[in-house]
Amino acid sequence: MKFISEPSIPVKIQKMKERVRWGNASIVQRGIDQTCMVIDDRNSDNPEFSFMVIGDSGTKSYYQHHPQRQVAELMLPHQEECSFVLHTGDVIYIVGSHEYYPRNFIEPYREFIKGGENYKRILYDRMVFKTPILPVLGNHDYYDVPLMYRLLAGSTLPLRRLFRYKDIEIGWHGSYQGDAYARAFLDYLKAFHSREQLEFHLDEHYTAKTDTGRCLRYEPGRFTRLPNRYYTFRYGGIDFFALDSNTFNAPSPLPATKEGESSRRQLEKRRHEIENEEMQILEACDRLNPDNPEEAERLDALKAKLYQIDEVKIDIEKQLTSHHEPATDFEQLEWFKQRLIASWHSQEVRGRVVYFHHPPYVTEASKWHQAQTLAVRRRLRWVFDSVAQTLGCATQGRPIVDLILNGHAHCLEYLRTTDTGYGDSHLNCIVCGGSGRRPRRQREEGTELMETFEYLEGSPTRKIADSLLFVGRNGYDIFKRLPYSCVRIDVRGGTPPKFVVKPLVAEWFQGEWFNKVMEPFEI
């Protein structure tokens, strides 16, 4: 039985459009761009500024320690100096339920929220940020719980074990196809029942102006809603692009060939193997006492393995159920392409940063070879190739974007792509997905990321990226270290801009927290 359910890509797109009243007549008549916003903090013209990045954070405490809160405390000394916080997705585990926003988001980040001193009184759909937290959707923010699973959970031993040993943070609700996230962060225009209410709201909050028309004015401490599930804003001469990678991460179908059929059999075999492994782990969990500190650590490790198995199963299912070319959010990809081209043509822009959930390049053990990872890489490469072809020599040898920020992989990693032969060459990528959920290890295959170009003669393999820094789970048993992380990024003036990246790491080791000092690096 499936532990979680996920809406299809067309459903994700349509539901989100309904929530922001995409293309409503009152919006169109006012010339409003629903994918753009201006951060009105009186500092957005300063070419030197700082911001922080977190991701995969929205989880509860474990055995009397709270990794997410520990990371939030690392952030607090930098709050006054940072203009905003980017969140790379998975705001709430496990299924994006509104029930868990108070405990898994509002409480740990209370100092960033207006009225946070009384955080228990803050409603999840009424948050106003003192320091902007600007998220993108993660896969968990779209997840739901199958009704049959909830009904049967109390009546069968395997499902009771699953609930107990996965510390299920779902209650009786899922995300309702991303609705909880939309109510928490987006300008939920669907809530206005009359045309007069909607137009009054538009005239009050969509007063900023850009090259693409009127847009939302984001005012820290007063009005802190996002215009859409993907959006852009300019700060200090840098164009920031926030994408929803959940709608362009579907794997291509297995080919109707002998090789494709062989791949299908291998996937089915692997699914069977990991389901058996899952039951063995659940049985092992039954023999451990969570009140015993030593056994609790072992139980924590087994639970981490259960979550990893979930993700592998989901990726396998996506491949096995894809019989036709998958639905892809080309509307968003085309928007991204055109906005990138316009950004390069603007004299006011000196750099570009893009952030979204699923990393196209990563060496974390559970994500580097997933079909979704490869799908996102392929779609992103298509955009960058199109932009590079349009711009020609206008880039003067610079990469299409200066920095890519992702989550999904539970680690902190810095990678740089090689000359791939495509528009994704020489990119700087930071995976920041270790801000609360259990950290993962780096793969055993090493730091060089290779790719096989199957459509070329002889199917050559070439290096496409190098991992230059990896902060993740390491060591075993009593020597196991669990580093949780975020980063501060200082943007320097000049063209092209320089980014000074300062990793902030809190490590859980032998029942204690240690702040790990790491050297900054420059991009």
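**Close-up 1. Helix H12 and the residue after it.** The expected span of a helix is 1.5 Å times one less than its number of residues. In this predicted model, helix H12 covers residues 371–391. Its 21 residues should therefore span 30 Å, and the end C-alpha atoms are indeed 30 Å apart, which agrees. Glycine 392 follows H12. The phi of glycine 392 is positive, near 60°.

**Close-up 2. Lysine 12 in helix H1.** H1 runs over residues 9–19 and contains lysine 12. Buried means under 20% relative accessible area. Lysine 12 has 1% relative accessibility, so it counts as buried. Its side chain makes a polar contact of 2.7 Å with the side chain of glutamate 6. Beyond four places away in sequence, lysine 12 touches Glu6, Pro7, Tyr142, Asn246 and Thr247.

**Close-up 3. Serine 57 and its surroundings.** Serine 57 sits in the loop between strand S2 (49–54) and helix H3 (67–75). Its relative accessible area is 0%, so serine 57 is buried. A polar contact links its side chain to that of tyrosine 109, at 3.4 Å. Residues touching serine 57 from more than four places away in sequence include His87, Asp90, Tyr93 and Ser435. Valine 71 is 14 residues from serine 57 along the chain, and their C-alpha atoms are separated by 9.0 Å.

**Close-up 4. The second largest cavity.** The model holds three cavities of 30 Å³ or more. The second largest has a volume of about 60 Å³. Its lining consists of Asn139, His140, Tyr143, Glu311, Ile314, His358, Gln370, Gln372 and His408. By class, the lining divides into two nonpolar, six polar and one charged.

**Close-up 5. Two cis peptide bonds.** The bond from tyrosine 93 to isoleucine 94 is cis, with omega near 0°. Isoleucine 94 lies in the loop between strand S3 (84–87) and helix H4 (101–106). The bond from threonine 495 to proline 496 is also cis, with omega near -5°. Proline 496 belongs to the loop between strand S15 (481–491) and strand S16 (499–509).

**Close-up 6. Positive phi at arginine 21 and glutamine 510.** Arginine 21 is not a glycine, yet its phi is positive, about 50°. This residue lies in the loop between H1 and helix H2 (25–29). At 21% relative accessibility, arginine 21 counts as partly exposed. Glutamine 510, not a glycine either, has a positive phi of about 50°. Glutamine 510 is in the loop between S16 and strand S17 (512–516).

Terms used:
Residues are numbered from 1 along each chain as its sequence is written. This is a predicted model: local features need pLDDT of at least 70, side-chain atom pairs count only at pLDDT 80 or more; totals for chains, interfaces and linings use all residues. Side-chain values use heavy atoms; hydrogens and water are left out. Helices (H or I, at least four residues) and strands (E, at least two) are DSSP runs, numbered from the N terminus. Buried means under 20% relative accessible area, exposed over 50%, partly exposed in between (1.4 Å probe, protein chains only). A polar contact is a pair of N or O atoms within 3.5 Å; within protein, one must be able to donate a hydrogen and the other to accept it, and residues adjacent in sequence count only if both atoms are side-chain atoms. Contact means heavy atoms within 4.5 Å. On a 1 Å grid over the protein atoms alone, a cavity is a set of points where a 1.4 Å probe fits but cannot get out, and a pocket is an open set with protein on both sides within 12 Å along at least five of seven lines; lining residues have an atom within 4 Å of a point. Grid points are joined across faces, edges and corners, and a volume is the space filled by probe spheres set on the points. Ala, Val, Leu, Ile, Met, Phe, Trp, Tyr, Cys and Pro count as nonpolar, Asp, Glu, Lys and Arg as charged, and the others, Gly among them, as polar.
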